[in-house]
Amino acid sequence: MKERVLSTRGTLPGGGLRRLASRPDTDVVRWTGTGRPEPAELASLAAAGGGVSAVLALGNDRIDAGLLDAAGPSLKVVGLASMGFDSVDQRAAAERGVVVTHTPGVLAETTADLTFALILAARRRLGVARDALHSGAWDLFRMEDYLGLDVHGATLGLVGYGQIGRAVARRATGFGMRVLHHNRSGTAADGLSTPVALPQLLAQSDIVSLHVPLTDATRHLIGAAELRVMKPTATLVNTSRGGVVDEAALLHALDEGRLHSAGLDVYEREPRGADVADLTARPNLFALPHIGSATEATRAAMVDLAVDNVLDVLDGRPARTPLPGTKAEPA
């Protein structure tokens, strides 16, 4: 009997999905709707053929107990084409003996590039200057127009010092920056960055960049109290997960002038629809639509690694990159 694999998208970058579909004795069942599938839609698709052995999903697909149950007892693995994994009910997966994997490593350098793009755009007010040019409002060179703050020589604080945080620190050396970091694991100084407590990092940094997963411990890690500690000339950048920041508190701080600027690639509610104007109307906030890993090579590599994880488990091998602290083989 053929194994069935549910893909939460009909097409994905690169050749990983085709490679999975070409595996002997495997049927790939694809969700072909538009937008993001609801868990109930995926559950119905998984259950229709008597269950599935694997689910290939994106990081914003909700993988809940209902979907896991609909997939049935044959389900062995959920392969996420994402580094983040907050969309998965990890307890429900563990209770059912299902391996959940993600894609660390392959997107670190690309996301670090985007982090620096946000730092430069927010700090140098590039959005305001671009909009003035596009609207025809730029009518004369004036010394006092579009003045931002320097990035070179600034102090950069990294909250989280994993693969992406270290990649950002390496880039900071080219800008002559002093780099601080705060990490739950207590990472030591490494020649690139100096470890400090979070309050010290927030108080001393000209730019604070967030690189932590979204968990119960990190939800609203940066809230009103933390923002009050930061310099009024500081910039906050978030390319991790939107829920790490109390968005309402951040917008309030920007509106009151208690923070110079912010650069966001992620949000508490995604995707943003018409309410995105609440962000883009602010001249001191530079916003992007969750594109940290969005290069052709990196997105293809993410799908490839997710497929590798799925195939490993289906073929009886340990998954290459299971979620931190979880088993690489099904129970």
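In this predicted model, histidine 290 is found in the loop that lies between strand S12 (285-287) and helix H12 (296-314). Histidine 290 is not a glycine, and yet its phi is positive, at about 50°. With a relative accessible area of 31%, histidine 290 is classed as partly exposed, because this value falls between the limits for buried and exposed residues. A second histidine, histidine 220, likewise has a positive phi, here of about 55°, although it is not a glycine. Histidine 220 is placed in the loop between strand S9 (207-210) and helix H9 (224-229), and at 34% relative accessibility it counts as partly exposed. These backbone angles deserve mention because most residues other than glycine have a negative phi, and most peptide bonds are trans. A further departure concerns the peptide bond from glutamate 270 to proline 271, which is cis, with omega near -5°. Proline 271 has its place in the loop between strand S11 (261-264) and helix H11 (277-280).

Strand S11, which precedes that loop, is joined by 4 bridges to strand S10 (residues 235-238), and the two strands run parallel. Within this pairing, asparagine 238 has leucine 264 in S11 as its bridge partner. The side chains of S11 are divided between two directions, with Ser261 and Gly263 pointing one way and Ala262 and Leu264 the other way, and all of them are buried.

Helix H5 (residues 108-123) contains 16 residues and reaches 22 Å from its first C-alpha to its last, which is close to the 22 Å expected at 1.5 Å a residue. The helix is mostly covered, since 12 of its 16 residues are buried. The buried residues of H5 include Ala108, Leu114, Phe116, Leu118 and Ile119, and among them are also Thr110, Thr111 and Thr115 as well as Arg123. In an α-helix there are 3.6 residues a turn, so residues three or four places apart point the same way. After H5 comes arginine 125, whose phi is positive, near 55°.

One residue of H5 also takes part in an aromatic contact. A search of the whole structure finds 1 aromatic pair, in which the rings of phenylalanine 116 and phenylalanine 175 have their centres 4.9 Å apart and their planes at 25°, so the pair is described as stacked. Phenylalanine 116 lies in helix H5, whereas phenylalanine 175 lies in the loop between helix H7 (163-173) and strand S7 (178-182), so the pair ties together parts that are 59 residues apart in sequence. The two rings are also assigned to separate classes of exposure: phenylalanine 116 is buried, with a relative accessible area of 5%, while phenylalanine 175 is partly exposed, with a relative accessible area of 29%.

On the surface, a nonpolar patch is formed by Leu133, Trp138, Phe141 and Met143, which together have about 530 Å² of accessible area. Methionine 143, one of these residues, is found in the loop between helix H6 (126-135) and strand S6 (155-159). With a relative accessible area of 67%, methionine 143 is exposed, because the value is over 50%.

Charged side chains make a further set of contacts, and the count comes to 27 salt bridges. In one of them, arginine 19 pairs with aspartate 304, the closest N and O atoms being 3.3 Å apart. This pair links distant parts of the chain, as arginine 19 lies in helix H1 (residues 16-21) and aspartate 304 in helix H12, 285 residues apart. Arginine 19 is partly exposed, with a relative accessible area of 31%, and aspartate 304 is also partly exposed, with a value of 27%. In another salt bridge, aspartate 131 meets arginine 130, with the closest N and O atoms 3.0 Å apart; aspartate 131 is partly exposed at 39% relative accessible area, and arginine 130 is partly exposed at 39%.

The side chains of aspartate 312 and arginine 317 likewise meet in a salt bridge, at 2.9 Å from N to O. Aspartate 312 is buried, with a relative accessible area of 3%, whereas arginine 317 is partly exposed, with a relative accessible area of 38%. Salt bridges that share partners join Glu3, Arg19, Arg23, Lys76, Asp304, Asp308, Asp312, Asp315, Arg317 and Arg320 into one network.

Note on methods. Residues are numbered from 1 along each chain as its sequence is written. This is a predicted model: local features need pLDDT of at least 70, side-chain atom pairs count only at pLDDT 80 or more; totals for chains, interfaces and linings use all residues. Side-chain values use heavy atoms; hydrogens and water are left out. The expected span of a helix is 1.5 Å times one less than its number of residues. Buried means under 20% relative accessible area, exposed over 50%, partly exposed in between (1.4 Å probe, protein chains only). Patches are made of residues with over 30% relative accessible area and no salt bridge: like charges are joined within 9 Å, nonpolar side chains (Val, Leu, Ile, Met, Phe, Trp, Tyr) within 5 Å. Accessible areas come from the Shrake-Rupley method with a 1.4 Å probe; for residues, only the protein chains shown count as cover. A salt bridge is a side-chain nitrogen of Lys or Arg within 4 Å of a carboxyl oxygen of Asp or Glu. Rings of Phe, Tyr and Trp (its six-membered ring) pair if their centres lie within 6.5 Å; planes under 30 degrees apart count as stacked, over 60 as edge-to-face and the rest as tilted. Two strands pair if DSSP finds at least two bridges between them.
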